[in-house]
Amino acid sequence: MACDARAFWQRLEAGPEIDAHLAFTDERVLAGKPDWVTAHRCDEASIFHLWGAAIAHCTGDYVAILSPYLIPENGWLEAMEDAANTGARAYFGPVEEAYGPAQPDIIGYLVEYCHFHRPLIGNHGEIPGTNLLVRSNELPPRDILQDEGFTKTNLLRAWKKEGYQPAYVEDAIVIHQRPYDGKTYRSRRFSHGRAFGASSRQGMTIAGLVLAVAKSVLLPFVRVERIWARVRHLAQLRRTVRRHILAVWLAEAAWSFGEFIGLATGNPGDPRALD
């Protein structure tokens, strides 16, 4: 799915001093691209190869992993630059919503990003797949990035396995701004769940795989409960989840069914269906 990234570039408040790279398949994402951003065309590439192509060309000590659907708030760059002076391996910032409680467009935010709404309560172990600043030596070598692409899930999974939590930067805020269409969104959630399930299957014992497949039947309820546990102390988001609970449940059911298929078959589906 292509998007108009002009708002993203306008709010980034960066310039030629930043080594910025954009990998794309659809030229519509070039709208408003500043001259100091280097674009890399990748025809028929999956989202993993787009990430890999962009990151492989980055030369800084740190690499920012961002999405054009998550618009930096004023001060994002300064906050991340200040944080990087402390020398941590990685940093992440909060993700806020752009839409009002009655707007269906907020559903994608509730499903994917409400865990990163301010205030973050303690160290809840959640790490976003974007709005990340990562030390470059945490990332795969350039040849692997170019040949195999970059999968954020693998990075986050490795951090969780070792118990590492990136440092939280309160003022490095991005705003989720992505239009919602129910059928399209549920299809996308299914595709991502399937890819996640197939990758999770690797290295599992037969017993572990059977247990994981069986548990996936309960996943929609587990995932919705996690969303509720996050928003129950945030009055407005709590009311918003109640308003859209059926759409939230259906989105999580789509992911869960995809994860079930990925676990059961080991087939991740067409990676070009992911965005």
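**Close-up 1. Arginines over tyrosine rings.** R89 lies over the face of Y164, at 4.1 Å from the ring centre. Keep in mind while looking that this is a predicted model. A second view of this kind is found at Y69: the charged end of R178 sits over that ring, 3.8 Å from its centre.

**Close-up 2. W159 and its neighbours.** Leaving aside residues up to four places away in sequence, W159 touches R89, A90, I127, L132, V134, E138, Y164 and P166. Two of these, R89 and Y164, are the partners from the opening view, where R89 lies over the ring face of Y164. W159 also belongs to the largest nonpolar core, and it is listed there among the residues that touch the most other members.

**Close-up 3. The largest nonpolar core.** This core has 72 residues. Want some landmarks? Look for I55, W76, Y109, L132, V134, F150 and W159, the members that touch the most others. Helix α2, residues 47-56, gives the core its largest share, with seven residues.

**Close-up 4. Three rings in one cluster.** F92, F116 and Y168 form one aromatic cluster, and the model has nine aromatic pairs in total. Start with F92 and F116: their ring centres are 6.5 Å apart and their planes meet at 75°, so this pair is edge-to-face. The two come from distant parts of the chain, 24 residues apart, with F92 in strand β5 (residues 90-92) and F116 in the loop between α4 (107-112) and β7 (132-135). F92 counts as buried at 2% relative accessibility, and F116 counts as buried at 4%. Now turn to F92 and Y168, whose ring centres are 5.3 Å apart with planes at 45°, so this pair is tilted. Y168 sits in strand β8 (residues 167-168) and F92 in strand β5, so the pair ties together parts that are 76 residues apart in sequence. Y168 is partly exposed, with a relative accessible area of 29%.

**Close-up 5. Helix α8 and its two faces.** Helix α8 runs over residues 206-215, and its buried residues are L209, A212 and V213. Seen down the helix axis, the buried residues of α8 fall within an arc of 100°, so they line one face. Here's the general idea: an α-helix has 3.6 residues a turn, so residues three or four places apart point the same way. What do the buried residues of α8 pack against? They pack against α7 (182-201) and α11 (245-265). The face turned away from the buried side of α8 carries A207, V210 and K215, which are exposed.

**Close-up 6. A buried arginine in α7.** R188 has its place in helix α7. Is R188 buried or exposed? With a relative accessibility of 13%, R188 counts as buried. Setting aside residues up to four places away in sequence, R188 touches E112, R178 and D275. Of these, R178 also appeared in the opening view, with its charged end over the ring of Y69.

**Close-up 7. Cysteines without a bond.** How many disulfides does the model have? The count comes to zero. Take C58: the closest cysteine sulfur to its own is in C42, 13 Å away, which is too far for a bond. C58 counts as partly exposed, at 25% relative accessibility, while C114 counts as buried, at 0%.

Note on methods. Residues are numbered from 1 along each chain as its sequence is written. This is a predicted model: local features need pLDDT of at least 70, side-chain atom pairs count only at pLDDT 80 or more; totals for chains, interfaces and linings use all residues. Side-chain values use heavy atoms; hydrogens and water are left out. Buried means under 20% relative accessible area, exposed over 50%, partly exposed in between (1.4 Å probe, protein chains only). Helices (H or I, at least four residues) and strands (E, at least two) are DSSP runs, numbered from the N terminus. The arc is that of the directions from the helix axis to the C-beta atoms. Contact means heavy atoms within 4.5 Å. A nonpolar core is a set of buried Ala, Val, Leu, Ile, Met, Phe, Trp, Tyr and Cys residues joined through side-chain atoms within 4.5 Å. A disulfide is a pair of cysteine sulfur atoms within 2.5 Å. Rings of Phe, Tyr and Trp (its six-membered ring) pair if their centres lie within 6.5 Å; planes under 30 degrees apart count as stacked, over 60 as edge-to-face and the rest as tilted. A charge sits over a ring if NZ of Lys or CZ of Arg is within 6 Å of the ring centre and within 35 degrees of the ring normal.
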